[in-house]
Amino acid sequence: MKGIQGHYNSCYMDSTLFGLFACSSVLDSLLFMATHRQEAAIQTTLLQQIVNPLRRYGFVPSCNVMKLRKQLQQEGYSDHTFATDEKDPEEFLTLVVQKILQLDPLLKLTAEGKVQENSCYQIFLDQKHTLVLPTVQQLFEHSLHWSGLALAEIPSCLILQMPRFGKNFKMFDKIIPSLELDISDILSESPRECVLCGELAGLACADCFTDPTFGRTGFKLFCLTCSEKVHLHPTRKAHQPSRVRLPKGYPQGARPPLPREKLQLFAVLCIETSHYVSFVRHGPRPQDWLFFDSMADREGDQDGYNIPQVQECPEVERYLQMSPAELACQLPREMEGVAKRLFCDASMYLYQSPSMCLYR
Ligand code: ZN
Ligand code: ZN
């Protein structure tokens, strides 16, 4: 039960595959959907040589992953470096999910009525942000706010890439993994609550997003009465709140509390000095975490082989429960077990929707 055996710069692919398929079935449609002949060969390798042995025996020998890498290269889907060079999980995911198997796009974003489709979302932040020890929730909200985007629909699987400058420079020392991602206020055309009184919101104010009076995060939605009051203040007179669109046929008299739409974190991919590892949640409890490294150990030199490792890492729970102030004081090198990697090296967060993944 050691996971996927790494070989020759494969860690990006091993970690992505382990993260996606070890304990989640959210992307299983990828393995069973109808495809053309050429794509079917790749799909079969993915299913029979990787996902099945991983789930049945907990182990996948490195030759199976190498077979997939060679197929990706030979079939002309990518350049000739796919079986040899280091890549990004994003490049691999886009290739397999979007280009080859052509799964219905995982992510649909909307800006002023236009819909953009993608398989991952890269978080961008403007220069003026004041985040120091952000949660994934805050990063996602800031990025959408800054780029004027909203989710067009609830994604069954949401893949978020953390902000980076260049190849190795990290923007934040630590990021707090939000175990749940509340997307209620980020969904376009969904009924939302006024942040002040809780009534059905009719207006959203992008200028109030960064106003510290209402808390440092979250989209600012108001009912008509509250918006009028809030924007009476001289510093907010120039704001231009926009109308919130409700779904067609939404009952006029409907009253809060409105259901919140939340996605669950199921895996995190981390990178440190260009080596990828992953964390997977294997149960509902806060301590139910696994750490996976496809090249944890090595036997022999040139003609030797890597020994992968899967280990439980309940120690991350302690840090997840800390207050931001307490967490900020933790010296990375003194953090227990593998917790440092989760908090300091995360590059990609994988979320799933418990309700939507039943339909896709
Ligand atoms: Zn209100
Ligand atoms: Zn405002």
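Two strands count as paired if DSSP finds at least two bridges between them. On that basis, threonine 110 stands opposite alanine 150 in strand S6 of this predicted model. The briefing below covers two zinc sites, two open sheets, the covered strand S7, helix H6 and the nonpolar cores.

**Zinc ion (ligand 1)**

- Four cysteine sulfur atoms coordinate the zinc ion (ligand 1), namely SG of Cys194, Cys197, Cys223 and Cys226, at 2.2 to 2.3 Å.
- The arrangement around the zinc ion (ligand 1) is tetrahedral because its four donor atoms subtend angles of 100 to 120°.
- Along the sequence, the donor residues of the zinc ion (ligand 1) follow the spacing C-x2-C-x25-C-x2-C.
- Cysteine 194 counts as buried because its relative accessibility is 3%, whereas cysteine 197, at 41%, counts as partly exposed.

**Zinc ion (ligand 2)**

- The zinc ion (ligand 2) is coordinated at 2.1 to 2.3 Å by Cys205 (SG), Cys208 (SG), His231 (NE2) and His239 (ND1).
- Angles of 105 to 114° between the four donor atoms make the arrangement around the zinc ion (ligand 2) tetrahedral.
- The donor residues of the zinc ion (ligand 2) are spaced C-x2-C-x22-H-x7-H in sequence.
- Cysteine 208 and histidine 231 link distant parts of the chain, 23 residues apart. Cysteine 208 lies in the loop between strand S11 (203-204) and strand S12 (221-222), and histidine 231 lies in the loop between helix H7 (224-230) and strand S13 (242-243).
- Both of these donors are buried: cysteine 208 has a relative accessible area of 0%, and histidine 231 has a relative accessibility of 13%.

**Open sheet S12-S11-S13**

- Strands S12, S11 and S13 form, in that order, an open sheet of three strands with antiparallel pairing.
- S12 and S13 are the edge strands, and each pairs on one side only.
- S11 and S12 run antiparallel and are joined by two bridges; alanine 204 stands opposite leucine 221 in S12.

**Open sheet S4-S3-S6**

- A further open sheet of three strands has the order S4-S3-S6, again with antiparallel pairing.
- Strand S4 (114-118) and strand S6 (150-151) each have a single partner strand, so one side of each is left without a neighbour in the sheet.
- Strand S3 (residues 107-111) runs antiparallel to S6, and two bridges join them. In this pairing, alanine 150 of S6 is the residue opposite threonine 110.

**Strand S7 and its partners**

- Strand S7 (residues 157-161) is mostly covered, with five of its five residues buried.
- In a regular strand, side chains alternate between the two faces of the sheet.
- Both faces of S7 are covered: Cys157, Ile159 and Gln161 are buried on one side, and Leu158 and Leu160 are buried on the other.
- Strand S5 (residues 121-122) pairs with S7 in the parallel sense over two bridges, and leucine 160 in S7 is the bridge partner of tyrosine 121.
- Strand S18 (residues 346-352) pairs with S7 in the antiparallel sense over five bridges, and glutamine 161 stands opposite methionine 348 in S18.

**Helix H6**

- The twelve residues of helix H6 (residues 136-147) span 17 Å from the first C-alpha to the last, close to the 16 Å expected at 1.5 Å a residue.
- Nine of the twelve residues of H6 are buried, so the helix is largely enclosed by the rest of the structure.
- The buried residues of H6 are Val136, Gln137, Gln138, Leu139, Phe140, Glu141, His142, Ser143 and Leu144.
- These buried residues pack against S3, S5, S6, S7, strand S10 (180-182) and S18.
- Glycine 148, just after H6, takes a positive phi of about 65°.

**Nonpolar cores**

- Nonpolar side chains tend to be buried together in soluble globular proteins.
- The largest nonpolar core has 51 residues, of which Phe140, Leu160 and Phe279 touch the most other members.
- Not counting residues up to four places away in sequence, phenylalanine 140 touches Tyr121, Ile123, Leu151, Leu158, Leu160, Leu181, Ile183 and Ile186.
- A second, separate core has 45 residues, including Met13, Ile50, Val65 and Phe82.

Definitions and conventions
Residues numbered from 1 in each chain as written. Chains lettered and ligands numbered in written order. Predicted model: local features only at pLDDT ≥ 70, side-chain atom pairs only at ≥ 80, totals over all residues. Heavy atoms only, no water. Donors = N, O, S within 2.8 Å, 3.2 Å for Na, K, Ca; no water. Tetrahedral: all angles 85-135°; square planar, octahedral: opposite > 155°, others 65-115°. Buried < 20%, exposed > 50% of the residue type's maximum accessible area, 1.4 Å probe, protein only. Helix = DSSP H or I, 4+ residues; strand = E, 2+ residues; numbered from the N terminus. Expected span 1.5 Å × (residues − 1). Contact = heavy atoms within 4.5 Å. Core = buried A, V, L, I, M, F, W, Y, C linked by side-chain atoms within 4.5 Å.
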